[in-house]
Amino acid sequence: MTNLQIFLDIATEAALAAGAVLQGYWGKLEDAITEKGRPGDLVTAADKAAEVVILEILRRHFPQHSILAEESGKLGNQDNEYLWAIDPLDGTTNYAHQYPCFAVSIGLLINGVPQVGVIYNPFHDELFRAAAGLGATRNRRPIQVSGASELGKSLLVTGFAYDRRETSDNNYAEFCHLTHLTQGVRRSGSASMDLAYVACGRFDGYWERGLSPWDIAAGVILLQEAGGKVTAYDGSPLKIESGRILATNGYIHDTLSRELMQIPPLSTWK
Ligand code: IPD
Ligand code: CA
Ligand code: CA
């Protein structure tokens, strides 16, 4: 078995275990929901408990690896060749409202490049997995991106970061502009699910700003292995720390990139 396969299998074990924790807390949070800082940026007892389970499994198997986890922060040297980027509950707002669009997202960066990814939605029992050169699967069956080649026949998805009230670079103009040009733009509330859904062809493209590596590390390799394309908005290579991502089936990539680079001001939208 290759190292990547081993990493993938252990990440899967961790994602399934965390998923069971999330299922256990589902609908039972009551007052175990707090705001982390910005309005609307929630954390729950489920986020924390799921992360504990993931950390225990990864550290037991890979004590030399480093970790970047949403609730625990940086653990170990962040320049380590192996860095796990972990979001124990991506879609916390959805989860807190019992809207079942959320996932555990575990990605492994090797020398800064996403190489292994597992995204698991326990509510729908959907397990997305990928590793570089090993393909992408949903519930162990191969997946691939859609064949849509025109923006006008595409369904897109995006999101709005928690700092949206503090900046005019809040994606509102982009959302309006692309809503006009496509069959629709959805806002799911879970970046990892957005990337997984582009990977399996449910969406044709996704863009967002203000993201963290743990939101997208797993989804990036999943989408690439499913035949999709991932870059910065302008089509240049993705810098995962930039928080800005353009991810598509490949066919609409250049057109969508061009549109994102020339968004008319919101005041002209009608
Ligand atoms: C959030 C979700 C959401 C995205 C936000 C993320 P969280 O993650 O992925 O879709 O728009 O930018 O922070 O807080 O639910 O883990
Ligand atoms: Ca997240
Ligand atoms: Ca989270």
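Which pocket is the space taken by ligand 1? In this predicted model, where local features need pLDDT of at least 70, side-chain atom pairs count only at pLDDT 80 or more, and totals for chains, interfaces and linings use all residues, residues are numbered from 1 along each chain as its sequence is written. Chains are lettered from A and ligands numbered from 1 in the order in which they are written, and side-chain values use heavy atoms, with hydrogens and water left out.

Ligand 1 occupies the space of the largest pocket (on a 1 Å grid over the protein atoms alone, an open set of points where a 1.4 Å probe fits, with protein on both sides within 12 Å along at least five of seven lines). Around ligand 1 there are 16 residues, of which Asp90, Gly91, Thr92, Tyr162 and Glu208 come nearest (a residue being near if one of its heavy atoms lies within 4 Å). Domain 1 (3-142) and domain 2 (151-265) each contribute at least three residues to this shell, the bounds coming from an automatic or database domain assignment.

Polar contacts (pairs of N or O atoms within 3.5 Å) link oxygen atoms of ligand 1 to the protein: an N or O atom in the side chain of Glu208 lies at 2.5 Å, a polar backbone atom of Ser190 at 2.9 Å, and a polar side-chain atom of Asp87 at 3.2 Å. Of the 380 Å² of accessible area that ligand 1 has on its own, the protein covers 95% (Shrake-Rupley method, 1.4 Å probe).

Note on methods:
A polar contact is a pair of N or O atoms within 3.5 Å; within protein, one must be able to donate a hydrogen and the other to accept it, and residues adjacent in sequence count only if both atoms are side-chain atoms. On a 1 Å grid over the protein atoms alone, a cavity is a set of points where a 1.4 Å probe fits but cannot get out, and a pocket is an open set with protein on both sides within 12 Å along at least five of seven lines; lining residues have an atom within 4 Å of a point. A molecule sits in a cavity or pocket if more than half of its atoms lie within 2 Å of its grid points.
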